[in-house]
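Here is a colleague's note for someone opening this structure for the first time. Please read it with the model on screen, and take the points in order.

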Amino acid sequence: MKRLTVLLLLAWHAAGAAPADQPEHYVMSLPENWEITGALPSSAMLISLQGVANIGAPRLYFRYPPKWDYTFCDPLLDYYKSSRGMVFTGLRTPAEALDTLARYAKGYVVWDTHVRTSLIVAFTAAGVNRAIVVTEDLIPLAERHGLRMTEDLRGKFAGMTDVQIYEWAFAKYWPACNRDYLVYMGGEGGSVMKPGIADFGIHHACFFTDASTNPKDTLEYAFARKVFSSLKPLAIVMGWHSYAKDLEAQHVTLASGYGLRVEGLHTLPNMSFNHQIGLSPGFRYRNNHNVKPGQRVTPGKKVYISCIQTDCLGLGAWTKPGRGQIPYAWEVTMNWSWLAPAMLQYFYDMATPNDYFIGSLSGPGYMYPKAIPPRLLPAVIDTAYGMMKTLDLNVFEIMDHAAYWTSDGVDDDVPEDIVDAYFRGMPGVLGIVNGYRPAHTFAVRDGKPFVSYDYYLSEKRDDAEAAADIRELAALNPARPYFLLLHVREWSDIARVKGILDRLGPEFATVPLDTFLAMAAAAPTFATKYGAPMR
Amino acid sequence: MIARAVALTLLILPCRLSGFPDGPSIDGTWTSVPARSTEIAAWKGRTLGLAISVRGDRVSIVHNWLDRGQVAYADTFRFVPGGKAVRSVVCSVEWPDNWLMGVLSSAGDERTVSGSWQVEGSDIRTVTVQPVVTSQGKTTVTTTREYVLGDGGNTLTLTERRSSRPTPVVLVFERKEVRP
C-alpha cells in the first residue's frame with residue numbers, strides 16, 4: 001500500500017501537478033522587447049497561456065520588465081508570498097511553461113505576423129476556444145505539447161481594413177463572448193503591442209478590439225458604437241485606446257455615452273491571477289482619516305496645498321522614493337475591490353499615515369459625467385458611492401474631458417446640475433475634487449466644498465519654475481486662506497514633489513486632503529463657478 | 001553673384017523698412033531657442049514664435065503660439081512707442097503663457113498695451129495690463145516685456161516680468177532666415 005502511494009505521488013509530480021493540498025503557483029519573467037519581429041510572439045503566447053492556465057485557480061504570475069507601466073509586479077509578488085504564504089515555482093523558458101501548463105489549454109490559434117490586428121482577433125479566439133496564440137514559428141512548440149490548431153488566421157485578413165477584420169471577428173465570436181467586459185487592445189501601435197491585460201480578457205472570453213472612437217473615423221467609430229451598445233449596462237471596458245487611432249478623451253467619452261466604465265490600461269498585468277486572490281480573513285479597508293465626520297477645522301491665513309496623485313494606484317510613484325514624507329492623496333482604482341481584492345489590500349496594507357485614499361474617477365471606473373446620459377448618472381453615482389463605503393473613502397474625484405478635442409483645452413469643468421447630482425448621490429462625502437489639468441469649477445453644498453485643481457505638476461516641469469508657478473498662483477489669489485489643489489502626475493516621485501514644496505516658504509503649508517477640504521468648507525475663499533453644459 | 005545680391009538686400013531690408021538705417025532692426029520673424037530660454041509651460045505645449053513689424057511710428061508684435069509649426073493662437077500687441085496705451089477687448093479665455101496654472105484670460109474684458117523704444121528701432125519695452133480669472137475671481141496682471149537685440153541683430157532676448165511672478169521669464173529667439 002505504501003509503495004502504491006509513493007508511485008502515485010511520483011506519477012503526480014511527473015505529470016507536472018502539485019499535490020491537491022498545495023496550490024500550484026508559477027512565476028516567470030517577461031522580456032523588455034514587445035516588437036512583432038522581436039519577443040512579442042513568445043510573450044503573447046505566454047500571456048495567452050496565463051489566461052487559460054489561470055481558469056479555475058491562480059497558477060501563473062508574470063514579473064514584467066523594469067520599463068513596464070505598472071511598477072508593482074515584484075512588490076505584489078513578495079506580498080503574496082509573505083501575506084498569503086504562496087510558494088512560487090520559477091519557470092524559465094516558454095517550453096518549460098508549456099511543459100507545466102499546456103494541459104490547461106485546448107488548442108492554439110495562429111495569428112499572422114504580417115497583419116498586426118490578427119493578434120487582437122487571436123486573443124478573442126483564444127478566449128472563446130480556451131487556446132493559446134502562436135505564430136507560425138511557434139506551431140511546432142505547441143504541437144510538441146499536444147495542442148492542436150483551433151483557428152488559423154494566416155492570410156485570412158490580407159488586404160482587409162481593421163474594421164473589416166473586426167466585423168468578421170464580431171460575426172464569428174461575439175455570440176460566445178462575455179457581455180460584462182470588453183478589452184481594448186490599444187496602447188502602442190505599429191510594430192509594437194504590449195498586451196498585459198490579454199490574460200484577463202482570454203480568461204473571461206472577452207471580445208478584443210482597438211477600433212477607433214474618433215468620430216472622423218466613421219467606419220471604425222460605427223463599429224465601436226455597435227460593440228459598446230451590445231454590452232451590459234455598466235459593463236467594463238478593460239484595456240486602453242490605441243494611441244495610433246484616437247484620443248483618450250474620445251474613447252472615454254464614447255464609452256461614457258453608453259454608461260460603460262473604462263478600466264485601464266492595456267498593460268495592467270496579471271489580472272487573471274490577481275482576480276482570484278481574495279482579502280485576508282477579517283480584513284477591512286481602512287483609510288487614514290485626519291478629520292472626523294462633522295469636525296470643523298479652522299484655517300489660518302496661509303496658502304494651503306494638498307497633493308493628489310492621479311492615473312491609477314499602480315502607476316508611478318507608489319513604489320518610488322519619498323512616499324510617506326508628506327501628506328499625499330491617491331486615486332483608488334475602486335473596481336480593484338472586486339477585480340483584484342488582494343492587490344488593492346496590498347496598497348492599503350502598505351500605506352503610511354500620510355497616504356490618504358480617495359474615490360475616483362467620476363464613477364465606478366473612469367467616466368466623463370458630461371457624456372453619461374442623465375438617466376444613467378444617478379445609478380453610476382450610486383454604484384461608485386457603494387464602493388467608496390466599502391473602501392472607507394469619503395472624498396470623490398471627478399474628471400471630464402468630454403470636450404477635450406473641441407474646446408482647445410478649456411474643458412475640465414462641469415455644470416451646476418452635475419455638481420448637484422454628485423452631492424445628492426454621495427451624501428456622506430467630505431468634499432469632491434475635480435479636474436485633471438487646472439479646472440475652474442468651485443462650489444459649496446451643505447457645507448461641503450467642490451474644489452478644482454489649481455495646478456498641474458507636470459513631471460517634466462523644471463523644479464524652480466514649478467515653485468515659481470505655485471508662488472505666482474498665490475500672488476494671483478491674494479485672499480488667505482488660499483486653497484491650492486495640486487495634481488501630481490504619476491511620474492513624479494514624492495521626493496521631487498517635496499523638494500519643490502520645500503522651496504515655497506513659511507506662508508505655504510501642505511496638508512492632508514481631508515483636512516484641506518474641511519478647512520475649505522470652513523472658509524471658502526474661492527469664487528463659485530460652474531462649467532457650461534455639454535452641447 | 002545674383003544670389004549674393006539678393007541675400008545682401010534681404011539683410012538690409014529690415015533696416016530700411018523700419019526707418020532706422022544705422023543699426024539692425026527688431027523688425028522680422030523670430031523663432032525660439034528653447035535650450036537658451038526659461039522653460040515655459042505654454043498652453044497645450046505650444047512653442048512661441050514672434051512676428052514683429054515696424055511701420056512708420058507703429059509697432060506690431062505678434063506672439064504666435066505654434067502647434068507643430070502652425071499658428072494655433074496669436075496674441076497681438078499693437079501700439080505707438082511713447083504713445084497712449086492702446087485698449088482692446090480680450091477675445092479668448094486662453095491664457096497662453098502657462099497651461100499648468102489655474103488661470104484664464106478674462107474674455108470680454110479690456111486690456112491695455114503701451115510701449116517705448118529703449119534703443120530706437122532695436123530694443124523695445126512693452127507694458128500690458130490684462131485681467132485674468134483665477135479661483136478667487138478676477139484680478140489684473142501687469143506684464144513688462146523687454147525685447148532686446150543681440151549678436152548683431154541675429155538674436156532677440158525677450159525678458160518678461162509679470163507683476164504676479166517672482167522670477168522673470170527669459171526667452172531667446174533667432175531671426176528666421178528669409179529664403180530667396
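The points below go through chain A, then chain B, and end with the side on which the two chains touch.

1. A word on the nature of the model: this is a predicted model, and the remarks that follow should be read with that in mind.

2. A suitable place to begin in chain A is the open sheet of three strands in the order β2-β1-β3, in which the pairing is parallel. Its edge strands are β2 (60-63) and β3 (88-90) of chain A, each of which pairs on one side only, and from one strand to the next the twist averages 35°. Strand β1 (residues 25-29) of chain A runs parallel to β2(A) and is joined to β2(A) by four bridges; within this pairing, V27(A) stands opposite Y61(A) of β2(A).

3. Chain A also has an open sheet of three strands in the order β5-β4-β6, again with parallel pairing. Here β5 (131-134) and β6 (149-152) of chain A stand at the edges with a single partner strand each, so that one side of each is left without a neighbour in the sheet. The twist in this sheet averages 25° from one strand to the next. Three bridges join β4(A) to β6(A), the two running parallel, and the bridge partner of V109(A) in β6(A) is E151(A). Helix α5(A) packs on the sheet, where it touches β4, β5 and β6 of chain A, and its direction makes about 160° with that of β5(A).

4. The loop between β4 (107-110) and α5 (117-129) of chain A holds H114(A). Is H114(A) buried or exposed? H114(A) has 11 other C-beta atoms within 10 Å, and is therefore exposed. From C-alpha to C-alpha, H114(A) lies 8.4 Å from G155(A), although 41 residues separate the two in sequence.

5. Two helices of chain A deserve a look as a pair: helix α2 (residues 40-53) and helix α4 (residues 94-101) pack at an angle of about 20°, and their axes are 11 Å apart. That angle makes α2(A) roughly parallel to α4(A), because angles under 35 degrees count as such. The crossing of α2(A) and α4(A) is left-handed. On the side of α2(A) the contact is made by S42(A), M45(A), L46(A), L49(A) and A53(A), and on the side of α4(A) by P94(A), A97(A), L98(A) and L101(A). Sorted by class, the residues of this contact of α2(A) with α4(A) are eight nonpolar and one polar, with no charged residues.

6. Why is helix α10 (residues 248-257) of chain A described as largely enclosed by the rest of the structure? Eight of the 10 residues of α10(A) are buried, and the description follows from that count. The buried residues are A249(A), Q250(A), H251(A), V252(A), T253(A), L254(A), A255(A) and S256(A). Among the elements that cover them are α9 (218-230), β9 (236-242), β10 (261-263) and β15 (365-366) of chain A. After α10(A) comes G259(A), which has a positive phi near 70°.

7. Turning to chain B, one finds one helix and 11 strands, and from the N terminus on the helix is followed by the strands. Of the 180 residues of chain B, 33% count as buried. Among contacts in chain B between residues at least 6 apart in sequence, 43% join residues at least 24 apart.

8. Strand β2 (residues 47-55) of chain B shows alternating side chains: L48(B), L50(B), I52(B) and V54(B) point to one face and are buried, whereas T47(B), G49(B), A51(B), S53(B) and R55(B) point to the other and are not. Strand β1 (residues 28-32) of chain B pairs with β2(B) in the antiparallel sense over four bridges, and T31(B) has G49(B) as its bridge partner in β2(B). Nine bridges join β2(B) to strand β3 (residues 58-67) of chain B, and these two run antiparallel; in β3(B), the bridge partner of I52(B) is I61(B). The hairpin of β2(B) and β3(B) has two residues between the strands, and in this hairpin G56(B) takes a positive phi near 65°.

9. Last comes the meeting of the chains, where 24 residues of chain B are in contact with 28 residues of chain A. To the side of chain B that touches chain A, β8 (123-134) and β9 (137-150) of chain B each supply at least two residues. The residues on that side of chain B divide into 10 nonpolar, 10 polar and four charged.

Definitions and conventions
Residues are numbered from 1 along each chain as its sequence is written. Chains are lettered from A and ligands numbered from 1 in the order in which they are written. This is a predicted model: local features need pLDDT of at least 70, side-chain atom pairs count only at pLDDT 80 or more; totals for chains, interfaces and linings use all residues. Two residues are in contact if their C-beta atoms, placed from the backbone, lie within 7 Å. Ala, Val, Leu, Ile, Met, Phe, Trp, Tyr, Cys and Pro count as nonpolar, Asp, Glu, Lys and Arg as charged, and the others, Gly among them, as polar. A residue is buried if 20 or more other C-beta atoms lie within 10 Å of its own, exposed if 12 or fewer, and partly exposed in between; C-beta atoms are placed from the backbone. Two strands pair if DSSP finds at least two bridges between them. Axes are lines fitted to C-alpha atoms, for helices over the stretch in contact, and angles run from 0 to 180 degrees between N-to-C directions. Angles under 35 degrees count as roughly parallel, over 145 as roughly antiparallel, 65 to 115 as roughly perpendicular and the rest as oblique. A crossing is left-handed if the near helix is turned anticlockwise from the far one by less than a right angle, and right-handed if clockwise.
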